[in-house]
Amino acid sequence: PVLNVSQGPVAVTVSPLNPHGPLSCPVSLRKNRDVKDRWRINLNSEQQLNLPLIFAPTDEHEVKEYFEIKSESTIISMMARGRGVHPKFSFAPEFALYNVEGAPGKRTDVRITVTNNCAAILNFNLKQVFLKEGEDMVDKNPTSEEVKKGKPKKKPKKGKSPKIVTSIDASVSDWLDGLAPVDEKSLENPIFAVNDNFTVEPEGSCTLKMTFCPPGVQGASRPGTGASGKKDKKSGRSKKEKGEVGEEKTKTYAVKYEVYL
């Protein structure tokens, strides 16, 4: 912040930063026609000017830039510095698709640990890509542990899916493509609820909670607090829903989120 400590108004000019660099100062000041390539604002006595600096690096390196804040009687030399850090983070458990089971009328919570493995603050933004429903998936993917140990794939029991799928192959993609879209506008509560935006401190972690609420649950609410380019998918399966003629059936819901930084 720049504070005018004089007894009268002063005209302040700010030298520009490199317009092609990662550092910028988005201040809306009136251009001073009398001073080339400078910007000016009038500050009254005891008035404070806050100059925001934005750092948007595109690679890993350190940047330094010098600029000046001037009035008729004062010159303040300033340095802006930033260091680009490649974002590194992890999810525990690690998954490409996470299966959740829940009965209609009840809520089921899933907790995922998100760890920031770099020296910069990471701001996460989750965007829902789709919400679908249909029949349950038949497992055709061995888990990573089974692959490491050389164990053969076991045929799952009827109506069961693996809790965690570590990779999305053609069979899983075909299953997702075959599901029908769900219009949540007609539902009283969201089927999947998750904190859309949150921040993880450098070398820190947080718990991301997702709530699965099959249609019919009462009193469900979106969690208030609490993960790039990485894509994560989750599916939920409601247990033993009754059909029109009394037979038991299982309905599966699948939601896909994209994670942005």
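In this predicted model, Glu258 lies in strand 20. Glu258 counts as buried, because its relative accessibility is 17% and the cut-off for burial is under 20%. The side chain of Glu258 makes a polar contact of 2.4 Å with the side chain of Tyr260.

Strand 20 spans residues 248-260 and supplies at least two residues of the largest nonpolar core. This core has 27 residues. Val114, Phe124, Ile191, Phe192, Phe198 and Tyr257 have the most contacts inside it. Other strands that each supply at least two residues include strand 10, strand 11 (97-102), strand 12 and strand 13. Strand 16, strand 17 and strand 18 (205-212) do so as well. Another core lies apart from this one and has 11 residues. Val2, Leu43, Val63 and Ala80 are among them. In soluble globular proteins, nonpolar side chains tend to be buried together.

Several of these strands also form a sheet. An open sheet of 4 strands has the order 10-12-18-16, and the pairing is antiparallel. Strand 10 (89-92) and strand 16 (192-194) each have a single partner strand, so they stand at the edges and one side of each is left without a neighbour in the sheet. From one strand to the next, the twist averages 25 degrees. Strand 10 and strand 12 (residues 108-116) run antiparallel and are joined by 4 bridges. Phe89 has Asn116 of strand 12 as its bridge partner.

A further antiparallel pairing links strand 13 (residues 122-134) with strand 17, again through 4 bridges. Here Asn123 stands opposite Thr199 of strand 17. In a regular strand the side chains alternate between the two faces of the sheet. Strand 17 (residues 197-200) has one covered face, made up of Phe198 and Val200. The uncovered face of strand 17 holds Asn197 and Thr199.

Aromatic rings were examined next. A pair of aromatic rings is described by the distance of the centres and the angle of the planes. The structure holds 6 aromatic pairs. One of them joins Phe89 and Phe124, with 5.2 Å centre to centre and 90 degrees between the planes. This pair is edge-to-face. Phe89 lies in strand 10 and Phe124 in strand 13, so the pair ties together parts that are 35 residues apart in sequence. Phe124 is buried, with a relative accessible area of 2%. The rings of Phe212 and Tyr253 form a tilted pair, because their planes stand at 55 degrees with the centres 6.3 Å apart. Both partners are buried: Phe212 has a relative accessible area of 1%, and Tyr253 has 2%. One aromatic cluster is formed by Phe89, Phe91, Phe124 and Phe198. Of its members, Phe124 and Phe198 are also among the residues with the most contacts inside the largest core.

The cysteines were then checked for disulfides. The count comes to 0. Cys118 is buried, with a relative accessible area of 4%. Cys213 is buried too, at 2%. The C-alpha atom of Cys213 is separated by 7.5 Å from that of Gly102, although the two residues are 111 residues apart along the chain. Gly102 belongs to strand 11 and is buried, with a relative accessible area of 3%.

The backbone shows some special features in the loops. A cis peptide bond, with omega of about 0 degrees, joins Ala92 and Pro93. Pro93 is placed in the loop between strand 10 and strand 11. Glu46 is not a glycine, yet it has a positive phi of about 70 degrees. Glu46 is found in the loop between strand 5 (39-43) and strand 6 (48-49). At 54% relative accessibility, Glu46 counts as exposed. Glu203 likewise has a positive phi, of about 60 degrees, without being a glycine. The loop between strand 17 and strand 18 holds Glu203. Glu203 is exposed, with a relative accessible area of 57%. Glu258, by contrast, counts as buried at 17%.

Notes. Residues are numbered from 1 along each chain as its sequence is written. This is a predicted model: local features need pLDDT of at least 70, side-chain atom pairs count only at pLDDT 80 or more; totals for chains, interfaces and linings use all residues. Side-chain values use heavy atoms; hydrogens and water are left out. A disulfide is a pair of cysteine sulfur atoms within 2.5 Å. Buried means under 20% relative accessible area, exposed over 50%, partly exposed in between (1.4 Å probe, protein chains only). Two strands pair if DSSP finds at least two bridges between them. Axes are lines fitted to C-alpha atoms, for helices over the stretch in contact, and angles run from 0 to 180 degrees between N-to-C directions. A nonpolar core is a set of buried Ala, Val, Leu, Ile, Met, Phe, Trp, Tyr and Cys residues joined through side-chain atoms within 4.5 Å. A polar contact is a pair of N or O atoms within 3.5 Å; within protein, one must be able to donate a hydrogen and the other to accept it, and residues adjacent in sequence count only if both atoms are side-chain atoms. Rings of Phe, Tyr and Trp (its six-membered ring) pair if their centres lie within 6.5 Å; planes under 30 degrees apart count as stacked, over 60 as edge-to-face and the rest as tilted.
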